[in-house]
Amino acid sequence: TGMDLSILLGGAALPEGITLAEYAHRGAYPLLMTAMLAGAFALAARPFMESHRALRPLVLIWLAQNALLGITAYMRLDLYVESFGLTYLRVHSMIWMALVIAGLLLAAWQILRARSNLWLMLRCAALGIATLYAACFVNFAGLIAYQNLTRETANQTDWYYICTLGPMAAKAVHLAQKERPEIHPPSGYADCWPNLNDLHGAQNWREWGF
């Protein structure tokens, strides 16, 4: 974790022979699995905390360490997105990482307040359902297109992927072009977003915002 923080926050160089993409792939998803296993371990240790007084502070330290692990995994993925762009998989991964971190923090609160495992499971389920419901109001295609077109390395944009996002991305492409007039889709991509230059407001229900 200390090495991660020195790279992500301190500006330290990557290990020799490791690219930014490899650093993100090696870290983001395996570290997240480790954090999830930590949560399962905390649940398994819960019945023994009354008989072993030293177990509670040790498990709290364990959960804090793994929550920090989840945060550094998120930061690795964010670093990768800044360099290579956003995709549906990366958006979903970021949401999942946030849920895992929140679950670990709930587990720590459960231990501090001596709540049951059922208390924790109900709140984790409620958190998951609330996240799914909130996601219904987010235009992820537009979010992905806008982020990819307005980031600093937008000159390396994968226009083919943005084209596959479909009509839901049209408004975001229009807004990105207004913010950065130098952005123009390559030839052959004009049919991805019909009437893009004439898009003035929500003329189609697919372009409606919240």
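Is Gln 110 buried or exposed in this structure? In the predicted model, Gln 110 is buried, with a relative accessible area of 2%. This residue is found in helix α4. Apart from its neighbours within four places in sequence, Gln 110 is in contact with Arg 46, Arg 115, Ser 116, Asn 117, Trp 119 and Leu 120. With that starting point in hand, the view can widen to the whole chain.

The protein chain contains eight helices and zero strands. Read from the N terminus, its elements therefore follow the order α-α-α-α-α-α-α-α. Of the 210 residues in the chain, 36% are buried. Among the contacts with a separation of 6 or more, 70% are between residues 24 or more positions apart.

Helix α3, which covers residues 55-84, offers two helpful examples. Leu 63 is found in α3 and counts as buried, at 2% relative accessibility. Its C-alpha atom is separated by 8.2 Å from that of Ala 35, and these two residues are 28 residues apart along the chain. Leaving aside neighbours within four places in sequence, the contacts of Leu 63 are Ala 38, Ala 42, Leu 104, Ala 107, Ala 108 and Ile 111. Asn 66 is also found in α3, and Asn 66 is buried too, with a relative accessible area of 3%. With the neighbours within four places again set aside, Asn 66 is in contact with Thr 34, Ala 35, Ala 38 and Leu 104.

A broader pattern helps to place Leu 63. In soluble globular proteins, nonpolar side chains tend to be buried together. Here, the largest nonpolar core has 41 residues, and those touching the most other members are Val 59, Leu 63, Ala 145, Leu 149, Ile 162, Leu 165 and Trp 193. At least two residues of this core come from each of α2, α3, α4, α5, α6 (140-150), α7 (159-164) and α8 (170-179).

Trp 193 deserves a closer look. Not counting residues up to four places away in sequence, Trp 193 touches Trp 159, Ile 162, Cys 163, Gly 166, Ala 169, Ala 170, Val 173 and Pro 185. Two of these names return in α8, where Ala 170, Ala 172, Val 173, His 174, Ala 176 and Gln 177 are buried. The buried residues of α8 pack against α6 and α7.

The model also has pockets to explore. The largest pocket holds about 380 Å³ of space. Its lining consists of 16 residues, and Leu 99, Val 100, Gly 103, Leu 104 and Cys 124 lie nearest the centre. Two or more lining residues come from each of α2 (20-45), α4 (88-112) and α5 (117-135). Helix α4 gives the most, with six residues. By residue type, the lining divides into 13 nonpolar, three polar and no charged. Leu 104 thus links several parts of this account, because it appears in the pocket lining and among the contacts of both Leu 63 and Asn 66. 

Finally, the cysteines can be considered. A disulfide is a covalent bond between the sulfur atoms of two cysteines. The count in this model comes to zero disulfides. Cys 124 counts as partly exposed, at 28% relative accessibility, whereas Cys 136 counts as exposed, at 63% relative accessibility.

Methods
Residues numbered from 1 in each chain as written. Predicted model: local features only at pLDDT ≥ 70, side-chain atom pairs only at ≥ 80, totals over all residues. Heavy atoms only, no water. Helix = DSSP H or I, 4+ residues; strand = E, 2+ residues; numbered from the N terminus. Buried < 20%, exposed > 50% of the residue type's maximum accessible area, 1.4 Å probe, protein only. Contact = heavy atoms within 4.5 Å. 1 Å grid on protein atoms, 1.4 Å probe; cavity = no way out; pocket = protein on both sides within 12 Å on 5 of 7 lines; lining within 4 Å. Points joined across faces, edges and corners; volume = space filled by probe spheres on them. Nonpolar A, V, L, I, M, F, W, Y, C, P; charged D, E, K, R; others polar. Core = buried A, V, L, I, M, F, W, Y, C linked by side-chain atoms within 4.5 Å. Disulfide = S-S within 2.5 Å.
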